[in-house]
Amino acid sequence: MVVWGGLLVLICNTVSDRIFKTTQARMSGVMAGLVMYLTGAGLLQGRSQEPEHSWARVTGAVLIVLAGLVGMDRSRRALAEARIYPHRDQDRADILIGRARDALHAFAQGRTDTLDQAVKWGEEAAEAALGTSMFPQATANLVLALRTRYERTHRREDLDAAVDVGLPLVGDRIYRKEQEYFALLAYLGGTLRLRHDHFGDHDDLRQALLLGEASVAPGRKLETYIAVICHEELTATYHSAHLRTGQSSYVDSAITQLEATATLTERLGRVGRRAVDQATLGRLWCDRSVARDAPSPAVDALKGMTELRSAMRKIPPGHRLFGPVRREYARALRHLAGALDNEPQLRDALDRAATLRADLVTSLLAQRPEEESTLRPLIDPSQSGARTHALLDLAANVVERTLTQVNSDDPEYARCLLEQARISAARETNQADALQAAGQAAHHATADMATRIEGALLQARTAQALGWFTQAADGYEQVITLLPRAASRALPRGDQEHQLARWEGMPSEAAACALAAGKPEQALQLLEQGRGVLLSRALAARGDVAKLRAAHPDLGQRLDELRSRETEYENTGLTVVGSSTPATQAAPGAALVTISAEGWAGHRRVSGLRHQLAMDWDALLSEIRACSGFQDFARPPHLDGLKAQATDGPIVYVNVASFRSDALVLQPDQVKHLPLSVTPHDVAAQLNVLRRALTPDTGATRETQTAVHGVLEWMWDELAEPVLAALPDRLHRIWWVPTGELAQLPLHAAGHHRTRQEQSPRTVLDRVVSSYTPTVGALVAARARPPAEQVHAPLVVAVPSASGYRPLAFARSEAELLRGLYPAARVLTDTQATAAEVRSALPESLMVHFACHALPSDAEPSEGRLLLHDHEESPFTVGDISRLDLHQAELAVLSSCDTARIGPRLQDEVIHLASSFQVAGFAQVVAVLWMVDDEVGHLFAKDFHQGLADVPLSCAAQQVHAAVLRARERTPNFPVHWAGHLHVGR
């Protein structure tokens, strides 16, 4: 007894806090040990259980003395730690953690008044637990409370605070033996996933995947309830990854994770799966049913509906999942109805799923017998033709009932309105209801950005289908107004592009609706505002900078500082510290080993700085616009400002939408509307001819080149001639602004070129000098500086041989040509032509000429690049070029293939190498639409520069025109050799 008592006292004073979570537990153990020792020594009963000098009494006494010494050392350390953590109190932390958890549980059951208290207690618990083993648990609870409050209020500050609280602990090895540490990883991953879902930063999703996979990495034994949390959060992250990438493998992974969760919840003694798991699984099956490669869409949809229906029965009104589950159920019904309506072959699959369907409908009839007439067609073979309507009627009923039980100020209310609008639109007889519900969702005060945009878009498309073009144009205008906010400066460039790609094609449809409503001026402004969002953002703040610096030097300096910060953050990416492996490629099991606290905190700062940068931009622009004469600083030009740009020649928007095509001719005194008769199918057919002609295997044949002449003739007949016929005969310049897929066509080369010798040739080349501009706003920026005179010392960059690509036999000849024309030229060739050297030389260059390979990127337009000598180590990309700020640049000549080519993605953003040089500050760019032979490019460059050497740089467009005419004379029957060269800018 004496030995055991002394040993218990020593253990209680020695072991880590990880064994005893509170002081009370430790002290109880010490007291029990003392009682055992004293009893055994006879000091409590007057009679010893051991002889006076036995080894047991001696050993017990030694153990008590050692325990006392350990206790003194613990007290000394406790006093030292108290000075470091003055608010630390494990007992108080334990109480506060329990209170915060209870408050969150009460909120989940419908008590909205407990959420602020949960955050307050969570913050106090984290402060009291700092430096103890309870800190991960307290922090995990606080992260969850802040995230939950964001989901209720949509205040981004809560979401960012949750990330800022949790990320510093990720790399802290001290806590990795705590079970709650992995719950923290899971909650933090879920918070980053939510921030990605609502604001679009792909780095947040990458981190969420890394954290989630690390939390469930094999070889780690977790307590069951923590394992459930980890699997659930990773399920949601996989689902977001599927929505981001479209890869169905992520849905399958999510379903696997959720099935693991189901096994764990049953191990906890729960009957069946929790309602939240059933709701999530139902949504996953529904998403799988609409995937492009889904093997059995109807079966998957019915599985999803069954899970959702089961969850609906368990979730009462007021629960946070009440609205989302019912909305997802209605969505599943709508998708199934659409599948039946659009693909009759799915009806067989639906019949094969008869058991699932019968079980589901029987369950519904038992609960709602009054809806038998709606539900009966789903199981009655004789009424199979009415299934689509029955499904939509049921979906409408579900969402209407849900709207009556969700608070109207809840963001979920807006999502339910949007689903109601989609169902009404699918029913076709309820279009007016669809318009009303979509409009309410678009203007809902607390709705997230995606819901507002989708609501406005549905409103516009529904009105367009009804022929209500004024309402349609207004709906599209709201979408266009919201797009810059969706592609916020707080996001990296790639994520801004991803956001815009979600709503492609809007400007053309918007303009078409405005024209159908008889409003050409509104149509022009919608095209101007909706196209080139990123381009316009970059150029707008540069147009009046000189004027701003002169009037308000301090504001000009702050603007320059913001630009520098933006460039710095854009060049910062997420990688696993200590490894060259991208975060998305890191092995989950090794993730926590390779990530250091500095690495995660560093990325957190970059992400937070981007958000702060966006707010600083908004604040500075507001301050500038408050100054006299700067009310419209960095805003799109007003209509009068647009008309003023047509003084030197008309600016022609050519637009093809789904139901009409038009040309809008901007002139100093009017916007002239010219109806056309081109369809999207026509444009696609002509582009296919061009693509075949540009294929090395087939493009060299005379038959193929004859077909290209056919494309040029079609463009003249359908596009160019109607425009030129409406303009004065003696026209000198014209600027083309093609939209959508038209941007891939050489409008400047349209014509019947066999008539070139006639008195009135039917070609654009023989009528007028053509230039292009992405937007009229880009033309405003290009003309912000006075035109430059002759150039004497251009920068020449020639890369005859880029690693991994065929040599360019004439690149060195081009460099020598320019050295002969401009003896003072700075020439960078071979190993000198590196990205760093080019960047350092560009700020001093009035003109630059590149003779090298170019590599566009269809998937990520900003990753297109010029292949310099060190392109493998330091790529010179569209994004890099766009971030340059060149104050005296005038002309960039890109003697490279595909430098003006626009890929199939983000066509209205006009992101290619030519536009990147415009954003960098060049007022004019000479580029090529497609791939040309090296010798052909060299001859064009020779004709162009020999003509330009003795005239001002402002004559570059005329010299491009002359060089194209000479190239046509050399090879009139091979239009691919000369029709692709073009001029962009003033």
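Two strands count as paired here if DSSP finds at least two bridges between them. With that in hand, let us walk through this structure, which is a predicted model.

A good place to try the definition is a small sheet late in the chain. Strand β10, residues 865-866, is joined to β11 by two bridges, and the two strands run antiparallel. If you look at Leu866, you will find that its bridge partner in β11 is Phe876. This pair belongs to an open sheet of three strands in the order β9-β10-β11, with antiparallel pairing. β9 (854-855) and β11 (876-877) are the edge strands, and each has a single partner, so one side of each is left without a neighbour in the sheet.

Now move back along the chain to β1, β2 and β3. Strand β1, residues 651-656, pairs with β2 in the antiparallel sense over six bridges. A hairpin of four residues makes the connection from β1 to β2. Within this pairing, Ile651 has Leu666 of β2 as its bridge partner. On we go to strand β3, residues 670-676, which pairs with β2 over seven bridges, again in the antiparallel sense. Here the hairpin joining β2 to β3 has two residues, and Leu664 stands opposite His673 in β3.

How many residues of β2 are buried? Seven of the seven residues of this strand (661-667) are, so β2 is largely enclosed by the rest of the structure. For this count, a residue is buried when its relative accessible area is under 20%. The cover extends to both faces of β2: Ser661, Ala663, Val665 and Gln667 are buried on one side, and Asp662, Leu664 and Leu666 are buried on the other.

Strand β13, residues 924-928, can be read in a similar way. Five of its five residues are buried, so β13 too is largely enclosed by the rest of the structure. Gln924, Val926 and Val928 point one way from the strand, Val925 and Ala927 point the other way, and all are buried. Is its pairing with β12 parallel or antiparallel? Strand β12, residues 891-894, and β13 run parallel, and three bridges join them. One of the residues to look for is Ala892, whose bridge partner in β13 is Val925.

Let us turn to the helices, beginning with α12, residues 275-289. The expected span is 1.5 Å times one less than the number of residues, so the 15 residues of α12 should span 21 Å, and its end C-alpha atoms are indeed 21 Å apart. This helix is mostly covered, with 12 of its 15 residues buried. Among them are the nonpolar residues Ala275, Ala279, Leu281, Leu284, Trp285 and Cys286, and the charged residues Asp277, Asp287 and Arg288.

Another helix worth a visit is α19, residues 411-427, where Arg415 has its place. Pro324 is 91 residues from Arg415 along the chain, and the C-alpha atoms of the two are separated by 8.4 Å. Which residues is Arg415 in contact with, leaving aside its neighbours within four places in sequence? They are His154, His198, Arg327, Asp448 and Thr451.

Finally, consider the space left inside. Rolling a probe the size of a water molecule over the atoms shows where empty space is left. A search of the whole structure finds nine cavities of 30 Å³ or more. The largest cavity holds about 190 Å³ of space. Its lining has 15 residues, and those nearest the centre are Ala743, Tyr772, Ile902, Val910 and His912. Strands β4 (733-738) and β14 (981-985) each supply at least two residues of this lining. By class, the lining of the largest cavity has 12 nonpolar residues, two polar and one charged.

The second largest cavity has a volume of about 160 Å³. It is lined by 19 residues, with Leu808, Ser895, Ser896, Cys897 and Asp934 nearest its centre. Two helices, α35 (811-821) and α39 (934-948), each supply at least two residues of the lining. Which element gives the most to the lining of this second largest cavity? That is α39, with three residues. The lining of the second largest cavity divides into nine nonpolar, six polar and four charged residues.

Terms used. Residues are numbered from 1 along each chain as its sequence is written. This is a predicted model: local features need pLDDT of at least 70, side-chain atom pairs count only at pLDDT 80 or more; totals for chains, interfaces and linings use all residues. Side-chain values use heavy atoms; hydrogens and water are left out. On a 1 Å grid over the protein atoms alone, a cavity is a set of points where a 1.4 Å probe fits but cannot get out, and a pocket is an open set with protein on both sides within 12 Å along at least five of seven lines; lining residues have an atom within 4 Å of a point. Grid points are joined across faces, edges and corners, and a volume is the space filled by probe spheres set on the points. Buried means under 20% relative accessible area, exposed over 50%, partly exposed in between (1.4 Å probe, protein chains only). Contact means heavy atoms within 4.5 Å.
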